[in-house]
Amino acid sequence: MWARWLNIFLGIWLVAAPIVLGYPERVARLNDAAVGLLVACLTLASSLVPVLRFAGTALGAWLIVAPVVLAYGDSVTPTANDIVVGALVLCFSLVSAERETSPRRTGRHPLQT
């Protein structure tokens, strides 16, 4: 569950980052707001439909390439933020719910059924 909470936080951060960090490019502001909302909402929905966590994988990958595709790669602040947050979202979305449960909590090894 910890990976989902971190992705929700990262989605909220993406919505706030353009204001907090003062993005000069409109396209970077719109991209981060839209992707941040999608990350947070899809991460919440993945609690009910676990396969939706892979949408986070795609959104994380998009954040990594967005500065080049949307041509705001010359601006350091939104580019660095998107690459770092994108990599984190991508990685956390690959953590399955079964792997998030600690063996100490369940009393069994994670590979046991």
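Which helix does F54 lie in? In this predicted model, F54 sits in helix α3, which spans residues 53-69. With a relative accessible area of 39%, F54 counts as partly exposed, since that value falls between the 20% and 50% cut-offs. F54 also belongs to a nonpolar surface patch, where it is joined by L48, V49, V51 and L94. Together these residues offer about 500 Å² of accessible area.

Zooming out, the fold is all about helices: the chain has six of them and zero strands, so the run of elements from the N terminus reads simply α-α-α-α-α-α. The chain has 113 residues, and 36% of them count as buried. Its accessible surface comes to about 6,700 Å², with carbon and sulfur atoms making up 71% of that. As for contacts with a separation of 6 or more, 66% come from residues 24 or more positions apart.

Helix α2 gets a closer look here. It covers residues 26-45, 20 residues in total, and reaches 29 Å from first C-alpha to last, close to the expected 28 Å. Its buried residues are A28, N31, D32, V35, G36, V39, A40 and T43. They take up an arc of only 150 degrees around the axis, so they end up on the same side of α2. What do these buried residues pack against? Their partners are α1 (2-21), α3 and α4 (76-93); α3 is also the helix that holds F54. Flip to the other side of α2 and the picture changes: R26, L37 and L44 are exposed there.

How values were computed:
Residues numbered from 1 in each chain as written. Predicted model: local features only at pLDDT ≥ 70, side-chain atom pairs only at ≥ 80, totals over all residues. Heavy atoms only, no water. Patch = residues over 30% accessible without salt bridge, like charges linked within 9 Å, V, L, I, M, F, W, Y side chains within 5 Å. Areas by Shrake-Rupley, 256 points an atom, 1.4 Å probe, with all protein chains shown as cover. Salt bridge = Lys/Arg side-chain N within 4 Å of Asp/Glu carboxyl O. Helix = DSSP H or I, 4+ residues; strand = E, 2+ residues; numbered from the N terminus. Buried < 20%, exposed > 50% of the residue type's maximum accessible area, 1.4 Å probe, protein only. Contact = heavy atoms within 4.5 Å. Expected span 1.5 Å × (residues − 1). Arc of directions from axis to C-beta.
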